[in-house]
Amino acid sequence: MKSPNIAFGKIIAALRQSARFSQEELAERAAIHRTYVSQIERGLKSPTIVMLFRLARALGTTPSRIMKQLETDIGAS
């Protein structure tokens, strides 16, 4: 099974790049520090539920869509 933190980070990075946001822009939209976005994308930090909602909103998606993608990516059932 893949690491959930790394898989989550890759999903956030892909969504950010798809939206054509820099890490700094995503951080500003989610009201967090840019280095925290970087740490999430590299799988070094595990975001809280509150942070999941803030990131989803900033990326124009829903927390459930992000989590569904995470389940698919790590092979969870």
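Let's start with a salt bridge. Glu25 pairs with Arg29, and their closest N and O atoms are 3.2 Å apart. Keep in mind that this is a predicted model. Where do Glu25 and Arg29 lie? Both are in helix α2, four residues apart, which is about one turn of the helix. Glu25 is partly exposed, because its relative accessibility is 31%. Arg29 is partly exposed too, with a relative accessible area of 49%.

Why would such residues pair at all? Side chains of opposite charge can pair when their charged atoms come close.

How many salt bridges does a search of the whole structure find? It finds two. We have seen one. On to the other.

Arg16 forms a salt bridge with Glu41. Here the closest N and O atoms are 2.6 Å apart. Arg16 sits in helix α1 and Glu41 in helix α3, so this pair ties together parts that are 25 residues apart in sequence. Are Arg16 and Glu41 buried or exposed? Both are buried. For Arg16, the relative accessibility is 9%, so it counts as buried, the cut-off being under 20%.

Stay with Arg16 a moment. What else does its side chain reach? It reaches the backbone oxygen of Phe21, at 2.9 Å. Now set aside the neighbours within four places in sequence. Arg16 is then in contact with Phe21, Ser22, Gln23, Leu26, Glu41 and Leu59. Remember Leu26 and Glu41 from that list. They come back on the next point.

That point is how α2 meets α3. Their axes come within 8 Å and cross at roughly 110°. So α2 is roughly perpendicular to α3. Which residues make the contact? From α2, they are Gln23, Glu24, Leu26 and Ala27. From α3, they are Arg34, Val37, Ser38 and Glu41. So Glu41 has two roles in this talk: it is part of the contact between α2 and α3, and it is the salt-bridge partner of Arg16.

Next, the loops. Two residues there deserve a look at their phi angles. Arg20 is in the loop between α1 and α2. Its phi is positive, about 60°, although Arg20 is not a glycine. Arg20 counts as exposed, because its relative accessibility is 75%. Ala31 is in the loop between α2 and α3. Its phi is near 60°, again a positive value in a residue other than glycine. Ala31 is exposed as well, with a relative accessible area of 57%.

Last stop: helix α4, residues 49-59. Which of its residues are buried? They are Met51, Leu52, Leu55, Ala56, Ala58 and Leu59. Why do they share a side of α4? They cover an arc of only 165° around the axis, and that puts them on the same side. Turn to the other side of α4, and you find Ile49, Val50 and Arg57 exposed.

What do the buried residues of α4 pack against? The answer is four helices: α1 (4-18), α2 (23-30), α3 (34-41) and α5 (63-74). One of the buried residues, Leu59, also appeared earlier, in contact with Arg16.

And just after α4 comes Gly60. Gly60 takes a positive phi of about 70°.

To recap. The search finds two salt bridges. One lies within α2, and the other links α1 with α3. Helix α4 has buried residues on one side and exposed residues on the other.

Technical notes. Residues numbered from 1 in each chain as written. Predicted model: local features only at pLDDT ≥ 70, side-chain atom pairs only at ≥ 80, totals over all residues. Heavy atoms only, no water. Buried < 20%, exposed > 50% of the residue type's maximum accessible area, 1.4 Å probe, protein only. Arc of directions from axis to C-beta. Contact = heavy atoms within 4.5 Å. Salt bridge = Lys/Arg side-chain N within 4 Å of Asp/Glu carboxyl O. Polar contact = N/O pair within 3.5 Å; in protein donor to acceptor, adjacent residues only side chain to side chain. Axes fitted to C-alpha atoms, helices over the stretch in contact; angles between N-to-C directions. Parallel < 35°, antiparallel > 145°, perpendicular 65-115°, else oblique.
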